[in-house]
Amino acid sequence: VSTQSTGGLRGGGSLPGNTLRSVPPVLHSPTRKVTVKEQQEWKIPPCISNWKNPRGYTIPLDKRLAADGRGLQDNTISDNFAKLAEALFIADRKAREAVDMRANIEKAMAAKEKEEQEQKLRLIAQRAREERSGIIREIRMMLR
């Protein structure tokens, strides 16, 4: 078994009519000087990635943003998104109003309870004064 490659068909192979004379020549346009403008048009910018920067170069933000193609897309916002945002805003406002109302009611109830407590304490103090003054009068009467 031979391991050498036999190289395919070349210039003058075994097929009839396959000679170097029968191969058509490759035609090229005449060579000309390349202008600076053409060089700039053919210049391919280096790949800029937002994830890899192996050499640690400082890459301007406009180049980074241009690299991911965000500026090429036309952003459209659905009407449903606007409806959702408005519904969330209204729900948030109503929830805040409910919380404020509940807090005001709790404050009013706490103030009312405090007032009732103070009224009870005043009444107890008044009775204690009356009892004390009554006892003091009785003691004075007894001492006379």
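Is Glu118 buried, partly exposed or exposed? Select it and take a look: Glu118 has a relative accessible area of 32%, so the residue is partly exposed. Keep in mind throughout that you are looking at a predicted model.

**Get your bearings**

Zoom out and colour by secondary structure. The protein chain shows 3 helices and 0 strands, and the order from the N terminus is α-α-α. Now switch to colouring by pLDDT. The average for the protein chain is 83, and 85% of the residues reach at least 70. Of the elements, H3 has the highest mean pLDDT, at 93, while H2 has the lowest, at 79. A word of caution for the weaker stretches: where pLDDT is low, the coordinates should not be read in detail. Turn on a surface if you like: of the 144 residues in the protein chain, 2% count as buried.

**Stop 1: back to Glu118**

Add Arg122 to your selection. The two side chains, Arg122 and Glu118, form a salt bridge with an N to O distance of 3.7 Å. Why do they line up? Arg122 and Glu118 sit 4 residues apart in helix H3, so about one helical turn separates them. Arg122 is partly exposed too, at 45% relative accessibility.

**Stop 2: another pair on H3**

Stay on helix H3, which covers residues 79-143, and pick Asp92 and Arg96. Here is another salt bridge, with the closest N and O atoms 3.1 Å apart. The spacing is again 4 residues within the helix, so Arg96 and Asp92 are about one helical turn apart. Check the accessibility of each partner: Arg96 is exposed at 54%, whereas Asp92 is partly exposed at 36%.

**Stop 3: Arg32 and Glu38**

Now move to Arg32 and Glu38. Their side chains meet in a salt bridge at 3.4 Å, N to O. Arg32 counts as exposed, with 65% relative accessibility. Glu38 is partly exposed, with a relative accessible area of 25%. That completes the set, as the model has 3 salt bridges in total.

**Stop 4: the loop before H3**

Select Ser78, in the loop between helix H2 (61-67) and H3. What does the side chain of Ser78 reach? Draw a distance to Asn80: the Ser78 side chain comes to 3.2 Å from the backbone nitrogen of Asn80. Ser78 itself is partly exposed, at 41% relative accessible area.

**Stop 5: the largest pocket**

For the last stop, go looking for empty space. Rolling a probe the size of a water molecule over the atoms shows where such space is left. Select Cys47, Ile48, Ser49, Lys52, Asn53, Pro54, Arg55, Tyr57, Thr58 and Ile59, and you have the lining of the largest pocket. About 160 Å³ of space lies inside this pocket. Which kinds of residue make up the lining? Colour by residue type and count: 5 are nonpolar, 3 polar and 2 charged. Lys52 and Arg55 are among the lining residues, so show their side chains as sticks to pick out the charged members.

Conventions. Residues numbered from 1 in each chain as written. Predicted model: local features only at pLDDT ≥ 70, side-chain atom pairs only at ≥ 80, totals over all residues. Heavy atoms only, no water. 1 Å grid on protein atoms, 1.4 Å probe; cavity = no way out; pocket = protein on both sides within 12 Å on 5 of 7 lines; lining within 4 Å. Points joined across faces, edges and corners; volume = space filled by probe spheres on them. Salt bridge = Lys/Arg side-chain N within 4 Å of Asp/Glu carboxyl O. Buried < 20%, exposed > 50% of the residue type's maximum accessible area, 1.4 Å probe, protein only. Helix = DSSP H or I, 4+ residues; strand = E, 2+ residues; numbered from the N terminus. Polar contact = N/O pair within 3.5 Å; in protein donor to acceptor, adjacent residues only side chain to side chain. pLDDT = per-residue confidence, 0-100.
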